[in-house]
Amino acid sequence: MMLRIPFLLFALLLLPLISFCAKEAPTTEFSFHPSAPLIGEPITVHVNGLNPSEKIQITARLKDELGRIWQSNAFFEADKKGNLDLSKAAAVSGTYSGIDPMGLFWSMQLDPLEKQRSSYWHVSLAPIEVIFKGKRANGPLISGKIIRKISAEGVHKLEIHDHGIVANLFLPAKNEKHPAIIVLGGSEGGIPNDAYVAQFANQGYVALGLAYYKAAGLPSHFSNIPLEYFRNGIDWLKTRPEVDSSRLAIVGSSTGGIAALLCASQYPDLRAVISIIGGPILFQSIDTSSLDKASPQSNFTISGRALPFVPIISPDFTVENLNTAYYLRVFLGSLFASSDDLVQQATIPVEKTNGPILLIGACNDRLLGSSYLNAKAYSRLTEKKFPFPYSAINYEGTGHTLGAAGLPGTPTTINSEIIDPYGVGYEYGGNPKDTARAQTDSWKQVFSFLKEYLPESKNSGGKKSQ
């Protein structure tokens, strides 16, 4: 006699077996830690559920704000438990090799068919989406994605056209008084990139991204910029209810780094200064509009008087010269050709700064020679027995791509800008791996310096300027 078991009862008897089998075959998938990081945070990429010692090719892909596709890839081998942790596993081959948790991020390469072959471009507050794919020898393709946030939760931005200044103000999430930082961009002009300025607000600082030319109502060229304009920015910032006016600093990149040192030497309200790939020498304006004039122009004025500068000796503007460190020869060549007296007059009196100084440079800077210029600032501070802390950090294998030009963990494989009218890509110097390392470490150095000398709280234990 056959025993009939109701279907429902039969299904219930099978459930434990189904559950057991499911546990025996874990899902193969990507996971990211942290799952929704800020742009400066390191990321660990994991793949779980592979076969023991299985080989897999992983690709990472993103689109920049110029609409261009960047992609990286590397081959890995899972451990004996079938797990893969990119902070421990070496890339055997691909766009990078060795152990590097962020290797798939910085080693991304531009699509070979893309005609506009310039550096990675992301300047807004929009998050960055990175798509990952895993190709297995025997098994289905796996995919995952991670969203990297540019600004922290609660950070907000205000557009400022007030007191004669043009800027974007970034306020931290906490509704209290904060130390504040004036943030300056470089020779690109305009208001500094939002993605750059927001990094300071993420760390708890009020950040004023201040334009000083190439913006509405401001000079159209980097010539004869009144230093009083920066004074207006300082005075306006001190009136903000969110700002502790006793804790102000200034940070600048490239020509903004020069401007930051100059402002700090003139205005004691600024209690700390960071110059990134800048320097202490004032050079002649090299804007075409000023070179065509009978008399050379200074970049800056004070009380209507042009500040002394090193005159520019410019090689012919040709494709051949552009391919042989043209701008480096313009700046350092002009400096070497000038008399000691003239260089002395054009040197910013950095020793008059009313607080600590951090100088960040690149040893392979083919634009401004920032490591050499930083050495001159450092020597001057030493000779003048500067009473506040000061330091210079110079990165080997790195070109003119730190500060505003270098969000950490973003593609570093192209380090050039197209120079018109020839359409030649001008190389800024350095190699991708060292550039990626320097971009990440330089941001750590910047925030470490600020936390020590311009702490979030007066009771935080950080050193304070006298």
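**Aromatic pairs, a cavity and a buried arginine**

In this predicted model, Y327 counts as buried, with a relative accessible area of 17%. That value falls under the 20% limit used for buried residues. Next to Y327 in the numbering is Y326, which is also buried, at 5% relative accessibility. These two tyrosines come back further down, where ring pairs are taken up.

First, a look at the whole protein. Of its 466 residues, 53% are buried. The secondary structure adds up to 11 helices and 22 strands, and the C-alpha trace spans about 115 × 55 × 40 Å along its principal axes. Contacts often reach far along the chain: among those between residues at least 6 apart in sequence, 69% join residues at least 24 apart.

How confident is the prediction? The pLDDT averages 91 over the protein, and 90% of the residues score at least 70. Two stretches with low scores deserve a mention. Residues 288-292 stay under a pLDDT of 50, and the model gives them eight contacts beyond four places in sequence. Residues 459-466 are also below 50, with 17 contacts in the model beyond near neighbours in sequence. Where pLDDT is low, the predicted coordinates should not be read in detail.

Now for the rings. The structure has 28 aromatic pairs. One of them brings together F230 and F300, whose ring centres are 6.4 Å apart and whose planes meet at 55 degrees, which makes the pair tilted. The two partners come from distant parts of the chain, 70 residues apart: F230 belongs to helix α4 (residues 227-238), while F300 belongs to strand β17 (residues 300-302). Are these two phenylalanines buried or exposed? F230 is buried, with a relative accessibility of 1%, and F300 is buried too, with a relative accessible area of 1%. Y326 and Y327, the tyrosines from the opening, make an edge-to-face pair, with 5.0 Å between centres and 90 degrees between planes. Going back to F230 and F300, both take part in a cluster held together by ring pairs, along with Y212, Y213, F222 and Y229.

Empty space inside the model comes next. Rolling a probe the size of a water molecule over the atoms shows where empty space is left. The structure turns out to hold one cavity of 30 Å³ or more, and the largest cavity has a volume of about 40 Å³. Which residues line the largest cavity? They are I276, L402, G403, S442, W443 and V446. Helix α11 (residues 432-453) gives the most to this lining, with three residues. In chemical terms, the lining of the largest cavity is made up of four nonpolar residues, two polar ones and no charged ones.

Last comes a charged residue, R380. It sits in helix α10, which covers residues 370-383. Does R380 count as buried or exposed? With a relative accessibility of 11%, R380 is buried; the cut-off for that is under 20%. Leaving aside residues up to four places away in sequence, R380 touches Q344, T347, I348, P349, V350 and E351.

Methods:
Residues numbered from 1 in each chain as written. Predicted model: local features only at pLDDT ≥ 70, side-chain atom pairs only at ≥ 80, totals over all residues. Heavy atoms only, no water. pLDDT = per-residue confidence, 0-100. Contact = heavy atoms within 4.5 Å. Helix = DSSP H or I, 4+ residues; strand = E, 2+ residues; numbered from the N terminus. Buried < 20%, exposed > 50% of the residue type's maximum accessible area, 1.4 Å probe, protein only. 1 Å grid on protein atoms, 1.4 Å probe; cavity = no way out; pocket = protein on both sides within 12 Å on 5 of 7 lines; lining within 4 Å. Points joined across faces, edges and corners; volume = space filled by probe spheres on them. Nonpolar A, V, L, I, M, F, W, Y, C, P; charged D, E, K, R; others polar. Phe/Tyr/Trp six-rings, centres within 6.5 Å; stacked < 30°, edge-to-face > 60°.
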